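Visitor: I'm new to this structure and would like a close look at one part of it. Could you take me through the place where two helices pack together, and then show me what lies around it?

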Amino acid sequence: MNARDYQRWMSAAFLSLEGALATELGTPGRIGMTEDYVRGSFLRGLLISNPTESSRVVREHPAVWAGAHCVRDATHTPGGRPIQHDIAITPKDNDLGLVCEVKWLAQMQTSQVAADIWKLAISRSIKTEAN
């Protein structure tokens, strides 16, 4: 798969997510509209929009560099839950795969959103995360 194939796949999955959110809008109180609901709906969209590659779609995929020392403080060691991407499409042959973060901004959480964006920024490369 190339970048354009991934773009089409993600676009189709997002259309599925939009349908799920539109359905949820009709419920009283919309209490089901949470980040987990959005993440699950997008994951299902990926699975059904490209069934031949669905075995590569995973949820909560650990970042290979999650155990590395903090770039701001080398004495800080990782602890707690490992850093993970919300959704990933695992590499296959020469295909590097894809990682995705899903954010549902129901309230002001600037530092948490910035941390997730930074996590994605340092994992982007023409190489796989392990290189």
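Guide: Let's start right at the packing: helices H1 and H2 meet at an angle of about 135 degrees, and their axes are 8 Å apart. Angles over 145 degrees would count as roughly antiparallel, so H1 is classed as oblique to H2. As for handedness, H1 passes H2 in a right-handed crossing. Keep in mind that this is a predicted model.

Now look at who meets whom. On the H1 side the residues include Trp 9, Met 10, Phe 14, Leu 17 and Leu 21, along with small ones you can pick out by name, Ala 12, Ala 13, Ser 16 and Ala 20. On the H2 side, the partners include Tyr 37, Val 38, Phe 42, Leu 46 and Ile 48, as well as Ser 41, Gly 45 and Ser 49. Sorted by class, this contact has 13 nonpolar, four polar and one charged residues. Glu 24 of H1 is part of that contact too.

Step back for a moment to place the two helices. The protein chain has three helices and three strands, and along the sequence they follow the pattern α-α-β-β-β-α. Of its 131 residues, 33% count as buried. Among contacts between residues at least 6 apart in sequence, 59% join residues at least 24 apart.

Back to our helices, and on to the core. The largest nonpolar core has 17 residues, and those touching the most other members are Phe 42, Leu 46, Val 57, Ile 87, Ile 89 and Cys 100. At least two core residues come from each of H1 (3-25), H2, strand S2 (84-89) and strand S3 (98-100). H1 gives the largest share, six residues. You've met two of these names before: Phe 42 and Leu 46 of H2 also take part in the contact with H1.

Ile 89 is a good one to follow from here. Leaving aside neighbours within four places in sequence, Ile 89 is in contact with Tyr 6, Trp 9, Leu 46, Arg 56, Val 57, Gly 97 and Leu 98. Trp 9 and Leu 46 in that list also belong to the meeting of H1 with H2.

Stay on H2 and find Arg 39, which lies within residues 35-49 of that helix. It may carry a charged side chain by class, but Arg 39 counts as buried because its relative accessibility is 11%, and the cut-off for buried is under 20%. Beyond its close sequence neighbours, Arg 39 is in contact with Arg 59, Glu 60, Asp 86, Ile 87 and Val 102. Ile 87 is one of the well-connected core residues mentioned above.

Glu 60, another partner of Arg 39, lies in strand S1, residues 57-62. With a relative accessible area of 24%, Glu 60 is partly exposed. Its backbone deserves a glance too: phi of Glu 60 is near 55 degrees, a positive value in a residue that isn't glycine. For background, most residues other than glycine have a negative phi.

Asp 93 has a positive phi as well, near 55 degrees. You'll find Asp 93 in the loop between S2 and S3, where it counts as exposed because its relative accessibility is 76%. Lys 92 sits in that loop too, and at 40% relative accessible area Lys 92 is partly exposed. Apart from residues up to four places away in sequence, Lys 92 touches Glu 53 and Arg 56. Arg 56 also turned up among the contacts of Ile 89.

One last thing to trace in this loop is how it stands relative to Met 1. Lys 92 is 91 residues from Met 1 in sequence, yet their C-alpha atoms are 9.1 Å apart in space. For Asp 93 and Met 1, the figures are 92 residues and 9.8 Å, again C-alpha to C-alpha.

How values were computed
Residues numbered from 1 in each chain as written. Predicted model: local features only at pLDDT ≥ 70, side-chain atom pairs only at ≥ 80, totals over all residues. Heavy atoms only, no water. Helix = DSSP H or I, 4+ residues; strand = E, 2+ residues; numbered from the N terminus. Buried < 20%, exposed > 50% of the residue type's maximum accessible area, 1.4 Å probe, protein only. Contact = heavy atoms within 4.5 Å. Core = buried A, V, L, I, M, F, W, Y, C linked by side-chain atoms within 4.5 Å. Axes fitted to C-alpha atoms, helices over the stretch in contact; angles between N-to-C directions. Parallel < 35°, antiparallel > 145°, perpendicular 65-115°, else oblique. Left-handed = near helix turned anticlockwise from the far one by under 90°.
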